[in-house]
Amino acid sequence: MEGEAGPGGARRALGRLVEAVLADRGKANAVFDILAVLQCEDQEEVHEAVRACSRLFGALLARGELFVGQLPSEEMVMAGSRGATRKYKVWMRHRYHSCCNRLGELLARSSFQIKELALSTLMKFVQLEGEHPLEKPKWEGNYLFPYQLFKSVVGGLLSPEEDRSLLLCQFREYLEHDDIRYHTMQAAADAVARAADGRPEQVPLAFWNNAFTLLSSVSLPRQESVPSNFYVKHAELSDKWKVVHLREHRKAFQQMWLGFLKHQLPLRICKKVLVIMHDSILPHLAQPSLMIDFLARACDVGGAVSLLALNGLFILIHKHNLEYPDFYRKLYGLLDPSVFHVKYRARFFHLADLFLSSSHLPAYLVAAFTKRLARLALTAPPEALLTVLPFICNLLRRHPACRVLVHRPRGPELDADPYDPREEDPARSRALESSLWELQALQQHYHPEVSKAASAINQALSEAEVSIVPLLELTAFQIFEQDLQKKGPEPVPLEFIPAQGLLGRRDDLCAQHFTLS
């Protein structure tokens, strides 16, 4: 600002301009000076300009000095013969739109403070526009919300160029309001549809990351309740408004996620979705069974993605009566040597324990899993064996029909084992005709804890299962530390006469020399 130095001077100069515009309509052109500061590069001046715009247009909205209705073009109104008041309101509303557009651009500014201030100012305008609508209601009691302005805010948060996770964290506080949450779900669904329209494979990874961060921040109440915590205040709430019904929130939530998941997402985004699927997505859907297509596609990917997808499928099968006959076959196919060496080993065995917890599973199926685990255990590291061996014993406790695998004294020889480890169908693996000779082999393991765990089948198994939860996160380093902390036996004497130095004392050496001579 001319004649003013430093941020304090800019603040005072902008403050005088705001006061002048609010006090006298004849000085409305001073708005151009305020908006011009928004375009400068100095962060302090931009910061003060945003505050000035917030104060100016916030007051104009509250005083009703912006045009209400379908906004005509500025040139047509100025050239017409309408009254000065109408021209002023139309002109000032166009300046208000220019301000909002510039604030949206500032969401991409390098300074996080400016981003945060621009976001809070835009949300303030959303609240004021909701309380003092700039559009005329179609009928008495019509629900009005500044959706176009709010849609531009959500679009600014879902940047395709940079990570906006910090700004999205700031936006989460607004999601506590029921109306903001409802319209966020609609705006996010529209933004994803526009971004992925035509060629979704060309959508930048930054956009998918921002979209997932926003979508995963939306959380619906688990208990049935009437939404009433509104950001935009109303004198009274009408039962005819969709925003006051939780079932409509569930429909919007479902539409948002289905619209997001129908696209070919990057693998890392797919994993993030599957991690929260069972706890944060499925319980809130109006029709959870509609997730079957996404989960079935993910289940065919393999590795950690398939495992996480099986978790969601398991919930649909047990809680929503969904039929998926290949579920246990898919789980059986995930059992390979890699499960003992990857970072999701703990989650795998936790979920496998959950999937195999039913006592109504057929004996041949449980026997196939038991035998496959026992065969893989022959080459597994000790930290994994200390989880696998109790897990196998728990399966035998749950399913007494499978105990024939350890009570077959004259079982098949190693070269005549009927079990086929290459068979993908557990029903055809012939595991129930085999025996767990692998556990007897592991009783000779070099690590004493593994040998002890494998020897548990030599005794009668207790009725109570052994919890594997403390063993899921066990690492090789922890095993090594436990071994170091063990107290060993008393020191063993290795010489009858303790040594008195490297060669002993000189007198002793001389005495020994004369005695020998």
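Glu248 sits in helix H11, which spans residues 246–261; helices here are DSSP runs of H or I with at least four residues, numbered from the N terminus. In this predicted model, local features need pLDDT of at least 70 and side-chain atom pairs count only at pLDDT 80 or more, while totals for chains, interfaces and linings use all residues. Residues are numbered from 1 along each chain as its sequence is written, and side-chain values use heavy atoms, with hydrogens and water left out. Glu248 has a relative accessible area of 15% and is therefore buried (buried means under 20%, exposed over 50% and partly exposed in between, with a 1.4 Å probe and protein chains only). Leaving aside residues up to four places away in sequence, Glu248 touches Tyr182 and Lys242, where contact means heavy atoms within 4.5 Å.

H11 appears again as a neighbour of helix H13 (residues 292–299), since the buried residues of H13 pack against H11, H12, helix H14 (303–320) and helix H15 (327–333). H13 is mostly covered, with 6 of its 8 residues buried. These are Ile292, Phe294, Leu295, Ala296, Ala298 and Cys299.

H12 also takes part in a helix pair. Two packed helices are described by the angle between their axes and the distance between the axes. For helix H10 (residues 205–217) and helix H12 (residues 267–281), the angle is about 10 degrees and the axes are 10 Å apart; axes are lines fitted to C-alpha atoms, for helices over the stretch in contact, and angles run from 0 to 180 degrees between N-to-C directions. H10 and H12 are therefore roughly parallel to each other (angles under 35 degrees count as such, over 145 as roughly antiparallel, 65 to 115 as roughly perpendicular and the rest as oblique). H10 contributes Leu205, Trp208, Asn209, Phe212 and Ser216 to the contact, and H12 contributes Arg268, Ile269, Lys272, Val273 and Ile276. By class, this contact of H10 with H12 holds 6 nonpolar, 2 polar and 2 charged residues; Ala, Val, Leu, Ile, Met, Phe, Trp, Tyr, Cys and Pro count as nonpolar, Asp, Glu, Lys and Arg as charged, and the others, Gly among them, as polar.

Several loop residues are also worth a look. Asn321, in the loop between H14 and H15, has a positive phi of about 55 degrees although it is not a glycine. With a relative accessible area of 69%, Asn321 is exposed. Asp336 is found in the loop between H15 and helix H16 (345–355) and is partly exposed at 28% relative accessibility. The side chains of Asp336 and Ser338 are joined by a polar contact of 2.3 Å (a pair of N or O atoms within 3.5 Å; within protein, one must be able to donate a hydrogen and the other to accept it, and residues adjacent in sequence count only if both atoms are side-chain atoms).

The loop between helix H18 (382–398) and helix H19 (437–442) holds Glu423, and Arg430 lies there too. The side chain of Glu423 reaches the backbone nitrogen of Asp425 at 3.0 Å. Glu423 also touches Tyr332, Arg372, Arg428 and Ser429, not counting residues up to four places away in sequence. Arg430 has a positive phi near 60 degrees, in a residue other than glycine, and is partly exposed, with a relative accessible area of 44%.

Terms used: Helix = DSSP H or I, 4+ residues; strand = E, 2+ residues; numbered from the N terminus.
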